[in-house]
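Me: I'm new to reading protein models, and I'd love to go through this one with you. Could we take it step by step?

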Amino acid sequence: MLPRRTRIPPQARRHPLTNKASQAAAGQFGATGGASGQNSGGVEVGSRSGLTVRVIPVLLVDMGYIVQTKHFAITNRIHSIGKLSFIAKSLEAWGADEVVVLDITRPYDSHYRTAFVSAFTQVAEELNVPVTVGGRIFSMKLVHKYLRLGADKVLVNSAALFKPKLISDITRYYGSQVLTVGIDFDLKTGNVWSSRLTFDTGRNYLSWAREAVKLGAGELMLNTRQTDGAGTGYALEAFRRVAEEVEVPVIFMGGVGSGEAGFQHLVDGATAGASGVAAGNAPHYKEGWVLKAKEYMGKNGVNVRTLIEGVAHA
């Protein structure tokens, strides 16, 4: 049985100009009620003054299926897109602080895009935690559309590289709190890649992170070719450099393994400066993954928002 949660009225949740998304990005959405936030050395763990570290499941959708990936290639089809809302609600009920939904279908197909938009709309209507949507968002028209459908934030990646003005356009219109910029890069070269790692932009990941923030990005989400789906942990040193360089929240993504080893990867990410620790494959390994992950993180000195007696508490 899934734990129950107190429902937040949609009108109080989904308006893109409210501060809920920005509070969540700062680690303040339901931000107390976790562990003490100190590790064995007595140092508060968590990014930016020990604020609550968010645990963020990422649901990847490809050609009508929820999928898992490794090195950005599809490895498993988990469920049909028709179960997207059910899975998202389950993750929320087990304590997810946010849910990210990404359409990674390549090449573009209008049939699959229509199905994705329909499934995402149901997710946005039914979830109370912040919901981020991404994938082939190349225009302000699509940004307007997703925010009207109930998204709290949009994630842009390739579009921001090819059209940096989109970043400033979004933040001028809605504010930086609605925009996450995704950065996928190669650890060996340091170059940022686009279009699901099919094109090498030649741009250094650190310089692009700085530029994206300067243009107005309110948050960054990082992933690498080598760690994605590998189950060996985040690219900690590279990610730490970004977190230290920019003054916005940084989400670590790519590399979280299964079981206790995977939970330790989350702790390592929090210790390295992540504002949010994300996973795409791991949440599918075991029912209640988010809850178990947070229990482990709390016991290991990371400030997390917890579930108490089956109800989400702040």
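Reply: Happy to! One definition helps us begin: Ala, Val, Leu, Ile, Met, Phe, Trp, Tyr, Cys and Pro count as nonpolar, Asp, Glu, Lys and Arg as charged, and the others, Gly among them, as polar. Please also keep in mind that this is a predicted model.

Me: How do the residues lining the largest cavity divide into these classes?
Reply: The largest cavity has a volume of about 420 Å³. Among the 29 residues that line it, L102, I104, L155, N157 and D184 are the closest to its centre. By class, the lining of this cavity divides into 14 nonpolar, nine polar and six charged.

Me: Which helices and strands each supply at least two residues of that lining?
Reply: Here we look for elements that each give at least two residues to the lining of the largest cavity. They are β1 (54-62), β4 (99-103), β6 (153-156), α7 (158-162), β7 (179-185) and β10 (219-224).

Me: What is the volume of the second largest cavity?
Reply: The count comes to four cavities of 30 Å³ or more. In the second largest cavity, the space is about 90 Å³.

Me: Which residues are the closest to the centre of the second largest cavity?
Reply: The lining of the second largest cavity divides into six nonpolar, six polar and one charged. Of these 13 residues, the closest to the centre are G229, G254, G255, G280 and N281.

Me: Let's turn to the rings. How are F120 and Y146 arranged as an aromatic pair?
Reply: The structure holds ten aromatic pairs. In the pair of F120 and Y146, the centres are 5.7 Å apart, with 90° between the planes. Planes over 60 degrees apart count as edge-to-face, so the F120 and Y146 pair is edge-to-face.

Me: Are F120 and Y146 buried or exposed?
Reply: A residue under 20% relative accessible area counts as buried. F120 has 0% relative accessibility and Y146 has 1%. Therefore F120 counts as buried, and Y146 also counts as buried.

Me: How many residues apart are F263 and Y296?
Reply: F263 and Y296 form a tilted aromatic pair, 5.9 Å centre to centre with 45° between the planes. Both residues are buried. F263 is in helix α11 (residues 259-271) and Y296 in helix α12 (residues 289-299), so this pair links distant parts of the chain, 33 residues apart.

Me: Which residue lies over the face of W193?
Reply: An Arg sits over a ring if its CZ is within 6 Å of the ring centre and within 35 degrees of the ring normal. Here the distance from the ring centre of W193 is 4.4 Å, and the residue is R225.

Me: Why is helix α4 largely enclosed by the rest of the structure?
Reply: Helix α4 covers residues 84-93. Its buried residues are L84, S85, I87, A88, S90, L91, E92 and A93. The helix is largely enclosed because the buried residues number eight of the ten.

Me: Which element gives the largest share of the lining of the largest pocket?
Reply: About 280 Å³ of space lies in the largest pocket. Of its 15 lining residues, the closest to the centre are I87, S90, L91, P283 and E287. Both α4 and α12 supply at least two residues of the lining. The largest share, four residues, comes from α4.

How values were computed: Residues are numbered from 1 along each chain as its sequence is written. This is a predicted model: local features need pLDDT of at least 70, side-chain atom pairs count only at pLDDT 80 or more; totals for chains, interfaces and linings use all residues. Side-chain values use heavy atoms; hydrogens and water are left out. On a 1 Å grid over the protein atoms alone, a cavity is a set of points where a 1.4 Å probe fits but cannot get out, and a pocket is an open set with protein on both sides within 12 Å along at least five of seven lines; lining residues have an atom within 4 Å of a point. Grid points are joined across faces, edges and corners, and a volume is the space filled by probe spheres set on the points. Rings of Phe, Tyr and Trp (its six-membered ring) pair if their centres lie within 6.5 Å; planes under 30 degrees apart count as stacked, over 60 as edge-to-face and the rest as tilted. Buried means under 20% relative accessible area, exposed over 50%, partly exposed in between (1.4 Å probe, protein chains only).
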